[in-house]
Every structure is written in C-alpha cells, then in structure tokens.
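Here's a quick tour of the model, starting at the ligand and working outwards to the domains and the backbone.

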Amino acid sequence: MRVLVTGGAGYIGGTAAAILLERGFDVTVLDDCSTGHLEAVDSRATFINGSILDNATVAKALQGVEAVLHFSAKSLVGESVTKPEIYWNTNVNGARILLDEMRTAGIKKIVFSSTAATYGEPKEIPITENSETKPTNPYGASKLAVDYMLTSEAIAHEIAAISLRYFNVAGALKSSSGWLAERHDPETHLIPNILRASDTAPLKVFGSDWPTQDGTCIRDYIHVVDLIEAHILALGAATAGSHQIINLGSGGGYSVREVITATEKVLGRQVPAEFVERRAGDPAVLIADITKAESILGWKPSQNIEDMVRDTWDSFQ
Ligand code: UFG
C-alpha cells in the first residue's frame, strides 16, 4: 500500500516516512522544504518537491496512493500570532486543496496531524477529546478549522478520517540512514533548549511561580516513535464516513524542573538554568487523557522522559 506523507522532510513527517518504509509501505513524500530539510527525505521514498498549495503538485503526489498522513503545516505558536495569514493559508487552504485532490483521485483515507493547541487554556485536567476547544492562537485555530473540515467531509464524502491531537512531541528516531533530529530555527522547544544550555547561555526557565507543585509548567511529553506508531494504527482504525479525534500524549505530566532533572540524569552533569519571566500564552498544565487512543487504536506509549531526552541528545551528536 502506498501512503502519501505530506511534510515528509520535517522532523515528525520524516520520522513517519522512515518508519512506514521500514514496515514495508510504499511512501511518497510531498514537501516544499520551506521548514523541512531535503536531506531528511528518505532515499527510498518517491519525493515530490513542491507546495501543498498547488493543486497540480498535490494531484501528482497522490498518484498511486491509498491513504494520506497529513503533517505539512506551519507550527510556531508565536509566529502564528504575528503572521496569522500564513497559518490560515498553509494550514487551512493546504488541507482544503489536499481534500479536493483526494476526492478527484478517489482516495478516501486520511490521518491528520492536529494539536493540543486546539483546546487552548484547559478548564479540566486531564484533557479529553470532549473538553472545550477554545484555541488561544491562530496556529491552534487553524488546526481546529481543519478538524471541522474533516468532520463534515467524512460524512458527506464517505472519507475515513482520524485527527491525532499531539501534546509535546520529543525524542528522535535512528533510521537506517541516521538520526532524524528535531531542527528548528529558532528553536523554542524545551528539551532541545535544555540540551543546548551552557554556562554562557543557560536555559531560560519561563516562570517559577506557576500554580504547580514546584512552580514550573507541566507538559505531557510523547516520544516521536510512539507518536508515529499511533499514526500507523490509525490507518488501520479509520472507518469510512467517520472522523474521529484522538489525543496523543503519555497521559502524565512533567514539570520543567523535572525535565531538567531527567536530563541531568541522562547527561551525568548539571544543566545551567536561570528563571526568567513567564512566556506569554503558556498554560500552567497540559496533560492528555489517552483513554481513547488506548481503546480505539489499541495504543500505549512505550518510552519515558529519559528515553526522549537520551534520543534527542544522541540525535544532536
Ligand atoms: N520552556 C522553558 N524554556 C524554554 C522552552 C520552553 O521554560 O527554553 C517551557 C515552556 O514555558 C513550557 C514548557 O517548557 O512550559 C514546554 O514548552 P515547549 O515550547 O517545548 O512546548 P509548548 O508546550 O509550548 O508547545 C508544544 C508545541 C506546540 C503545541 C503545544 C500543544 O510546540 O506546537 O505543545 O500543547 F501547540
């Protein structure tokens, strides 16, 4: 079976393509390398270098495909506030074009890369798929718009669709061609920033007075390999005429301090860190309820925070 991986030159999409190929799937990658990296595209995949916003390119990428894993998107929360038009265009119009071309080609299965940012500031912890969706930035809003799009199109056009709402993705895969590292510029994510901290540029911890046990924010971290395993299970679980939304996290949380401690254990040395002001838009606690992923996909995460830190570290060497 051939699967189209949109955004397959990125950190998560590239990991998906590599794992699919290892499992015997045929893979086509569509990416314009605007934030992804050409060298991250697996050499065994058919690569279409082009934009999700171009109908003819998307139609070409869909040739011979039976299902789509749709990762291609803009994903920086801060940038989405200053340049929302890019987010509405790439994320929403991109999905719109993809679904139109899938319909023309008669392709009826899609797994969509959604986000916990669709929930916004949570009223309840853990967050279930029935929790209120009230995104606090255009990134989350654009992903929520696509979730709505999929719900209506699944019913109208008999599409089998699953949206996977990721919490905090970390770790890395060592594929047959080497580590597929997370590479963002600028890097905003906690674990890469902890690993890069030095005496001259200590980690900036955003806030020490949050309403949590140790005063730092709590997040739910999930290893990228566990995340992709859930996507492959979702390809099997998606049913015609239905759109399901499923959270992907570990079901537990770690504070920033606890992630630093886990990193110190893995590295065997102290991490230089300083407390600074809270970062705008950060909720205090985000933890997923993953009961639905367990029951619908038969999935459970297998890697813990130290595995994620160690693999991220190894991927940087
Ligand atoms: N943090 C620091 N210092 C840093 C970086 C992060 O203290 O240098 C803190 C943040 O304040 C936050 C936690 O570490 O409390 C995690 O921050 P990340 O930037 O790693 O991740 P976020 O939780 O902000 O965001 C991630 C994804 C988003 C997604 C969101 C959904 O990056 O795309 O999870 O929960 F929308």
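Arg-279 reaches the ligand with its side chain: one of its polar atoms lies 2.8 Å from a ligand oxygen atom. Two backbones join in, with a backbone N or O atom of Thr-188 and one of Leu-190 also sitting by ligand oxygens. Here are the distances; a polar contact is a pair of N or O atoms within 3.5 Å, and within protein one must be able to donate a hydrogen and the other to accept it, while residues adjacent in sequence count only if both atoms are side-chain atoms.

| Residue | Atom on the protein side | Distance to a ligand oxygen |
|---|---|---|
| Arg-279 | polar side-chain atom | 2.8 Å |
| Leu-190 | backbone N or O atom | 2.8 Å |
| Thr-188 | backbone N or O atom | 3.3 Å |

In total, 21 residues surround the ligand (a heavy atom within 4 Å of it). The closest are His-189, Lys-204, Arg-219, Arg-279 and Asp-282.

A word on ground rules: this is a predicted model, so to speak of local features takes pLDDT of at least 70, side-chain atom pairs count only at pLDDT 80 or more, and totals for chains, interfaces and linings use all residues. Residues are numbered from 1 along each chain as its sequence is written, and side-chain values use heavy atoms, with hydrogens and water left out.

Now the domains. An automatic or database domain assignment splits the chain into domain 1 (2–170 + 221–247) and domain 2 (173–220 + 251–286 + 295–316). Their C-alpha centres are 24 Å apart. Across the boundary, 33 residues of domain 1 are in contact (heavy atoms within 4.5 Å) with 29 residues of domain 2. Together the two bury about 2,800 Å², 64% of it on carbon and sulfur atoms; that is the accessible area, with a 1.4 Å probe, that two parts lose on being put together, summed over both.

What polar links are there between the domains? The count is seven residue pairs in polar contact, both at pLDDT 80 or more, and one salt bridge (a side-chain nitrogen of Lys or Arg within 4 Å of a carboxyl oxygen of Asp or Glu). Glu-39 and Arg-183 form a salt bridge, with their closest N and O atoms 3.3 Å apart. On the domain 1 side, the elements giving two or more residues include helix H1 (11–22), strand E6 (160–166) and helix H7 (224–237). H7 supplies the largest share, eight residues. Helices (H or I, at least four residues) and strands (E, at least two) are DSSP runs, numbered from the N terminus.

By the same rule, the salt bridge count comes to 16. Arg-96 and Asp-100 make one of 2.6 Å, N to O. Why do those two sit about one helical turn apart? They are four residues apart in helix H4 (residues 84–105).

Finally, some backbone oddities. Most residues other than glycine have a negative phi, and most peptide bonds are trans. The Ile-125 to Pro-126 bond is cis, with omega near 0°, and Pro-126 lies in the loop between strand E5 (109–115) and helix H5 (138–157). Asp-185 and Pro-186 are also joined by a cis peptide bond, omega about 5°; Pro-186 is in the loop between strand E9 (178–180) and helix H6 (190–196). Cys-33 has a positive phi, near 55°, in the loop between strands E2 (26–31) and E3 (46–49).
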